[in-house]
Structure formats: C-alpha cells, structure tokens
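Biologist: I'm new to this one. Can you put it up and walk me through it?

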Amino acid sequence: MARYFYALDLCSADRQALVAVQQSLMPTLAKSVTASAKQHKLPRLTKPENLHLTLTFLGQASEAQLSAINKAARQAANIVASETQLSFQLIADHLAVFPNAKVLYVGLAHTPHWLQYLEQALAKTAEDNDIKLVERAFTPHITLSRKVSFLPSEISSTLSPPLTLNITSFSLYRSDSTTNGVCYQAIERFSLT
C-alpha cells in the first residue's frame, strides 16, 4: 500500500552536489563496514531521484484526507511565498547519523522560520484529519544513506564547504516499494516563489 509525505523539492544542481558528497563518503563507509562486527551490510545510498527534505510523513492516507491537507498546503505555500523578503536558501553544513534508524544524513545549519511554519502547518492539518503522526522533534535533514549506524572517525561531521540549497517548491509524494527499492513520485507540487 502506498504511503505519502510532504517534502521540499531539490533542484538538479543541489541533487548533483549531494551525490558528490555521497560518492566522497562511500569508500570510507564501505571500509568501516568490513572493520565493524556489528554492521555487516554495505551502506545503501539514497538514489539521486529520491533525495529530499521531508516536511511531514503521513503514512497511509485516504483521498479525502489528502485533499484536505493539500488545501492547507496551498494556503501555507501562498503565505510563505507572499513574504517576498524571505530567502528560500538552506545551508547544509554537517553530517550526522540517526543510530536507531541507521540513517546517515546532511543536516542544516539552522531551521528558518518559513521551514518551521510549513512543517507545523502540514502536521497540524494532518492531525486535524485523523492522521496519526510519529511524535518527534522536527530535525530537517536529507538522507544520504541507510544501513549506517555510526559516523566513522575518518569522516568529519562538518561539511566543508557547506552546501547552499535553493528551494522553490515542496510536493506531496507517494512512496511505493518495488523490487528495485523505494520509488518516490511527486503527486502535487506547491510553489514558494
């Protein structure tokens, strides 16, 4: 069954920059796997087309729920876009790991107000439409790889130089599991410019 989430869209140049980070890390990650008795599977890099920054993960949702949340998403996008003085650039400046989820990610230097607003507006509307969200603090990040339980000491946690991500939209995505891995498809896009 399909699952749904809202995420910031990344432009092609930003995806390419993130792929370059992935490629630079892979030799060290692979070497750390062979040296670790606890971690026996090779890291699984996120496919370039699947790179994104999740705003709100909905899980399974009905058409009626999605329609109501999309209406709120359009309103939130319009509010954010109307504040023309805002910069829709994000600075990704560090690497970290969610050890329980075994996820290596790129994190942001800070979370701008507009990003917090979008996440909160979508989460509130999802809950108002009977979608149970996982309760955890919003930690904006882009997953680079799965099957990574720690950041090897040979890898600096500081991303140097930091990446500037240029955001112009976010989308409702459908997530489908296939024999070739997870596939994300943008269902509806919401412009911020």
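Modeller: One term to begin with: a contact means heavy atoms within 4.5 Å. Also, this is a predicted model, where local features need pLDDT of at least 70, side-chain atom pairs count only at pLDDT 80 or more, and totals for chains, interfaces and linings use all residues. Residues are numbered from 1 along each chain as its sequence is written, and side-chain values use heavy atoms, with hydrogens and water left out.

Biologist: Okay, what does Pro48 touch, leaving out residues up to four places away in sequence?

Modeller: Arg15 and Val19. Pro48 also lies 8.1 Å from Leu18, C-alpha to C-alpha, with their positions 30 residues apart in sequence.

Biologist: Where is Pro48 found?

Modeller: In the loop between strand E2 (44-45) and strand E3 (53-59). Helices (H or I, at least four residues) and strands (E, at least two) are DSSP runs, numbered from the N terminus.

Biologist: And is Pro48 buried or exposed?

Modeller: Neither; Pro48 counts as partly exposed because its relative accessibility is 37%. Buried means under 20% relative accessible area, exposed over 50%, and partly exposed in between, with a 1.4 Å probe and protein chains only.

Biologist: How much of the protein is buried?

Modeller: 44% of the 193 residues.

Biologist: Let's zoom out. How many helices and strands are there?

Modeller: There are 3 helices and 9 strands. Along the sequence they run β-α-β-β-α-β-β-α-β-β-β-β.

Biologist: What are the overall dimensions?

Modeller: The C-alpha trace spans about 50 × 40 × 25 Å along its principal axes.

Biologist: Which contacts dominate, local or distant ones?

Modeller: Take contacts with a separation of 6 or more: residues 24 or more positions apart account for 77% of them.

Biologist: New topic: how many aromatic pairs does the structure hold?

Modeller: It holds 7. Rings of Phe, Tyr and Trp (its six-membered ring) pair if their centres lie within 6.5 Å; planes under 30 degrees apart count as stacked, over 60 as edge-to-face and the rest as tilted. One of the pairs is Phe88 with Trp114, which is edge-to-face at 5.1 Å centre to centre and 75 degrees between the planes.

Biologist: Where do Phe88 and Trp114 sit?

Modeller: Phe88 is in the loop between helix H2 (63-82) and strand E4 (89-98), and Trp114 is in helix H3 (residues 113-128). The pair links distant parts of the chain, 26 residues apart. Both Phe88 and Trp114 are buried.

Biologist: Which residues do ring pairs link into a cluster?

Modeller: Phe5, Tyr173 and Tyr184.
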